[in-house]
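Biologist: Before I use any of these labels at the bench, I want to see what stands behind them. Can we go through them one by one?

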Amino acid sequence: MENLAGNVDRERVTMLPGGIEGLFARLPVALYRSAPDGELLAANPALAALLGYESFEEMRDTVGSVESVYVDSTKRELWLNQISEAGEVHDFDVELRRRDGDTVWVQDTARAVYDDKGRLLYCEGALIDVTEKVKAKKSRDEFVATVSHELRNPMSVLLGLAQELASDYEGFSDEERREIAAVMARQADDASWIIEDLLVAYREDMSRVPIASQPFDVVDEIRRVLEGVDESVDLETDGGGTRVVADPRRTRQILRNLVANAIRYGGDRIKVVTRNSGDSIDIMVCDDGEPLDPDEAERIFESYERGSGLLDAKSVGLGLSVARKLAGLMNGYLVYRHDGEFSCFIVTLPAAS
């Protein structure tokens, strides 16, 4: 693209027509004008703010070339090729580096401006921040891929056992058929929970998730969760009451995911502890793995976030954001604590009277 340009009058292409300059500065959309060699000729305050600068002048003096803010330089080459061939680009997704080192995803729509001899003078365009959309799409794609992977295991077992029974039913004893049926039931239950996690995680309005609260002994639900776990997980109670008022199924759903995370990404010792605090019951899923960094302890409960330690998860599950919301719908809450020895995710639910 640069070879198409003649000698660019920098002062002329930097200036905006009368009346437009004020609009350019006031618009909340990030706008820019750049030379064929990548020099940033003009930008409005919205672009400076998007990239973490106080002003256009500070950004221009720091950046030097537009290419320097591209995280992937090949994206810049692709952008140049498209605008050289078509004279414009639309909704071009690119990741840019901010002044503080963080990155931001934007959609770039731009056009090339030529002089009367067909020489490229400059490019001008607008950037829209799509960082959250990109994160959400990436999270959804990973979630669907993992669901497909994890569903394959129980479904393969179900299919294999069903085919065995269909092809040689009389060849199995009654006891063997009962054992096969029990295995199939457990695998079907695993598959149903994976599907339930998917349905819950994809609800945009969590307030509409059905909750059927009732009194029950939470230890019974903990034991039910641990029945489906091959690893050794200790269950401890403080001797106090363990009856809560909540939805048993949603409680199992939360605990199942917390236990699965502890097994996959925690330490060797895992335990579930109940603690009676009078008006409430704490259910603590703990492991002796590395603690989360303090600044991550709250951030991991945000949508599409994973911790850099325990929760670098590529696994199906509710995610801590949804688990916390489910706890809230049952008048409880979910927090992370480290007691000096164990990392604990603590679900607190109202105690039954």
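Modeller: Start with the naming. Helices are DSSP runs of H or I with at least four residues, strands are runs of E with at least two, and both are numbered from the N terminus. With that, Asn331 can be placed in the loop between helix 11 and strand 11 (333–338). Keep in mind that this is a predicted model.

Biologist: How many helices and strands does the protein chain have?

Modeller: The protein chain has 11 helices and 12 strands. Of its 353 residues, 42% are buried. Among contacts with a separation of 6 or more, 62% join residues 24 or more positions apart.

Biologist: Back to Asn331. Why does Asn331 count as exposed?

Modeller: Exposed means over 50% relative accessible area. Asn331 has 68%, so Asn331 counts as exposed.

Biologist: What is the phi of Asn331?

Modeller: Phi of Asn331 is near 60 degrees, which is positive, and the residue is not glycine. Most residues other than glycine have a negative phi. Asp91 also has a positive phi, near 50 degrees. Asp91 sits in strand 3 (residues 88–97).

Biologist: Why is Asp91 called partly exposed?

Modeller: Partly exposed lies between the buried limit of 20% and the exposed limit of 50%. Asp91 is at 49%, so the label is partly exposed.

Biologist: Now the helix pairs. What makes helix 9 roughly antiparallel to helix 11?

Modeller: Helix 9 (residues 248–265) and helix 11 (residues 320–329) pack at about 150 degrees, with axes 10 Å apart. The cut-off for roughly antiparallel is over 145 degrees. The angle therefore makes helix 9 roughly antiparallel to helix 11. Their crossing is left-handed.

Biologist: Which residues of helix 9 and helix 11 meet?

Modeller: From helix 9 come Arg250, Gln253, Ile254 and Leu258; from helix 11, Leu320, Ala323, Leu326 and Ala327. By class, this contact has 6 nonpolar, 1 polar and 1 charged residues.

Biologist: Helix 9 has a second partner. Why is helix 8 called oblique to helix 9?

Modeller: The axes of helix 8 (residues 218–227) and helix 9 come within 9 Å and cross at roughly 50 degrees. Roughly parallel needs an angle under 35 degrees, and roughly perpendicular needs 65 to 115. The crossing angle fits neither class, so helix 8 is oblique to helix 9. This crossing is right-handed.

Biologist: Which residues make the contact between helix 8 and helix 9?

Modeller: Helix 8 brings Val218, Glu221, Ile222, Arg224, Val225 and Leu226. Helix 9 brings Pro248, Thr251, Arg252, Leu255, Arg256 and Val259. These residues divide into 7 nonpolar, 1 polar and 4 charged.

Biologist: How many aromatic pairs does the structure hold?

Modeller: The structure holds 1 aromatic pair. The partners are Tyr336 and Phe345.

Biologist: How do you know that the pair of Tyr336 and Phe345 is tilted?

Modeller: Rings pair if their centres lie within 6.5 Å. The centres of Tyr336 and Phe345 are 5.1 Å apart. Next, the planes. Under 30 degrees is stacked, over 60 is edge-to-face, and the rest is tilted. The planes here are at 55 degrees, so the pair is tilted.

Biologist: Are the two rings' residues, Tyr336 and Phe345, buried or exposed?

Modeller: Buried means under 20% relative accessible area. Tyr336 has 6%, so Tyr336 is buried. Phe345 has 7% and is buried too.

Biologist: Next, Asp238. What makes Asp238 partly exposed?

Modeller: Asp238 has 41% relative accessibility, so Asp238 counts as partly exposed. The residue lies in the loop between strand 7 (234–237) and strand 8 (243–246). Leaving out residues up to four places away in sequence, Asp238 touches Thr274, Arg275 and Asn276. Asp238 and Val273 are 35 residues apart in sequence, with C-alpha atoms 7.9 Å apart in space.

Biologist: One last case. Why is Lys135 called partly exposed?

Modeller: Lys135 is at 36% relative accessibility, so the label is partly exposed. Lys135 lies in helix 6 (residues 131–167). From Lys135 to Trp105 the count is 30 residues in sequence, and 9.2 Å in space from C-alpha to C-alpha.

Note on methods
Residues are numbered from 1 along each chain as its sequence is written. This is a predicted model: local features need pLDDT of at least 70, side-chain atom pairs count only at pLDDT 80 or more; totals for chains, interfaces and linings use all residues. Side-chain values use heavy atoms; hydrogens and water are left out. Axes are lines fitted to C-alpha atoms, for helices over the stretch in contact, and angles run from 0 to 180 degrees between N-to-C directions. A crossing is left-handed if the near helix is turned anticlockwise from the far one by less than a right angle, and right-handed if clockwise. Contact means heavy atoms within 4.5 Å. Ala, Val, Leu, Ile, Met, Phe, Trp, Tyr, Cys and Pro count as nonpolar, Asp, Glu, Lys and Arg as charged, and the others, Gly among them, as polar. Rings of Phe, Tyr and Trp (its six-membered ring) pair if their centres lie within 6.5 Å; planes under 30 degrees apart count as stacked, over 60 as edge-to-face and the rest as tilted. Buried means under 20% relative accessible area, exposed over 50%, partly exposed in between (1.4 Å probe, protein chains only).
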